[in-house]
Amino acid sequence: MSQPTRSAALELFKTYTTSESLTRHALSVEGVMRHFAEKFGEDPEVWGIIGLVHDIDYERYPDEHCKKAEEILSGAGWPEAWIRAVVSHGWGLVTDVKPETRLEQTLYAIDELTGLVASTALVRPSRSVMDMKAKSVKKKWKDKSFAAGVDRSIIEKGAEMLGMELSELITETILGMRKVADEVGLGMAQADNAE
């Protein structure tokens with residue numbers, strides 16, 4: 001099969017996902033993956049599409065996360081390397097497929113981080129990533145009860161894999177999320193319209 005298009009990927013994702021929060025997460029990860037692809041001189045379309053579908057099985061099959069994704073994407077005729085990248089983001093949790101390529105390592109590093117960035121943005125007066133800096137996220141980082149579901153050790157491992165300082169990884173993730181801020185409800189317009 002030829003390379004899947006974004007519209008085909010989004011359609012497939014929506015077949016398995018109705019949750020608004022999961023969709024926002026998928027769009028956030030897509031935006032950040034595209035941002036990192038540009039930064040690393042890689043193909044933003046490929047990176048973005050993989051980011052978009054990385055949690056395709058999570059809503060329907062939470063106990064078989066990443067395993068069902070492999071089935072779904074194989075069934076749709078997706079390239080092996082893309083499927084492997086999706087599966088590898090669950091390394092150490094639900095799969096033993098270790099992130100090896102820069103694409104895989106980036107997805108692994110930023111998946112949890114986008115959740116922490118979004119949660120941090122939502123408790124700010126602006127409720128936006130547009131005026132947020134890494135230090136805001138670092139402040140919340142230490143508070144283990146804040147966004148308690150975010151596994152900070154994964155983010156640290158991912159930063160190490162990429163050879164990046166944590167602050168740099170957070171900054172670049174924020175910049176990537178700014179590109180999709182309106183789509184994911186973290187733009188300034190939302191803050192202006194807040195009741």
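The crossing of helices H2 and H3 is right-handed, and this pair makes a welcoming place to begin a tour of the predicted model. The axes of H2 and H3 lie 7 Å apart and pack at an angle of about 155°. The two helices are therefore roughly antiparallel to each other, since an angle over 145 degrees counts as such. On the H2 side, the contact is made by Ala 26, Leu 27, Val 29, Glu 30, Met 33, Arg 34, Phe 36, Ala 37, Glu 38 and Phe 40. These residues meet Pro 44, Glu 45, Trp 47, Gly 48, Gly 51 and Leu 52 of H3.

Helix H2, which spans residues 20-40, also packs against H6, a helix covering residues 102-122. Here the axes come within 10 Å and cross at roughly 135°. That angle makes H2 oblique to H6. As with H2 and H3, described above as right-handed, the crossing of H2 and H6 is right-handed. From H2, the residues involved are His 25, Ser 28, Val 29, Val 32, Met 33, Phe 36 and Phe 40. Their partners in H6 are Arg 102, Leu 103, Thr 106, Leu 107, Ile 110, Asp 111 and Thr 114. A reader following H2 along the structure will find Val 29, Met 33, Phe 36 and Phe 40 named in the contact with H3 and again in the contact with H6.

Two further residues of H2 help to place this helix in its surroundings. Glu 20 belongs to H2 and, at 60% relative accessibility, counts as exposed. The C-alpha atom of Glu 20 is separated by 9.5 Å from that of Val 184, although their positions lie 164 residues apart along the chain. Thr 23 is likewise part of H2, but Thr 23 is buried, with a relative accessible area of 18%. The cut-off for a buried residue is under 20%, so the value of 18% places Thr 23 in that class. Leaving aside residues up to four places away in sequence, Thr 23 touches Phe 13 and Thr 17.

An annotation offers another way to view this part of the chain. In an unreviewed UniProt entry, "domain: HD" is assigned to residues 24-113. In the model, this span is 63% helix and 0% strand, and its end C-alpha atoms lie 14 Å apart.

Within the annotated residues 24-113, helix H5 comprises residues 80-88. The buried residues of H5 are Trp 82, Ile 83, Ala 85, Val 86, Val 87 and Ser 88. What covers them includes H3, H4 and H6.

Further along, H7 and H9 form another packed pair. Helix H7 runs over residues 134-141, and H9 over residues 166-178. Their axes come within 9 Å and cross at roughly 120°. This makes H7 oblique to H9, and their crossing is right-handed. Ala 134, Val 137, Lys 138 and Trp 141 represent H7 in the contact, while H9 contributes Leu 166, Ser 167, Ile 170, Thr 171 and Ile 174.

The loops hold some points of interest too. Most residues other than glycine have a negative phi. Cys 66, which is not a glycine, has a positive phi of about 80°. Cys 66 sits in the loop between helix H3 (44-53) and helix H4 (67-75) and is buried, with a relative accessible area of 0%. Arg 127 also has a positive phi, of about 55°, without being a glycine. The loop that holds Arg 127 joins H6 and H7, and Arg 127 is partly exposed at a relative accessible area of 40%.

Asp 182 is found in the loop between H9 and helix H10 (188-193). With a relative accessible area of 53%, Asp 182 is exposed. The C-alpha atoms of Asp 182 and Ser 128 are separated by 9.2 Å, while the two residues are 54 residues apart along the chain.

Finally, a word on confidence. The protein averages a pLDDT of 94, and 96% of the residues score at least 70. Over residues 191-195, however, the pLDDT is below 50. Beyond near neighbours in sequence, this stretch has 1 contact in the model.

Technical notes: Residues numbered from 1 in each chain as written. Predicted model: local features only at pLDDT ≥ 70, side-chain atom pairs only at ≥ 80, totals over all residues. Heavy atoms only, no water. UniProt positions renumbered as here; feature names shortened; annotations may be inferred. Helix = DSSP H or I, 4+ residues; strand = E, 2+ residues; numbered from the N terminus. Buried < 20%, exposed > 50% of the residue type's maximum accessible area, 1.4 Å probe, protein only. Contact = heavy atoms within 4.5 Å. pLDDT = per-residue confidence, 0-100. Axes fitted to C-alpha atoms, helices over the stretch in contact; angles between N-to-C directions. Parallel < 35°, antiparallel > 145°, perpendicular 65-115°, else oblique. Left-handed = near helix turned anticlockwise from the far one by under 90°.
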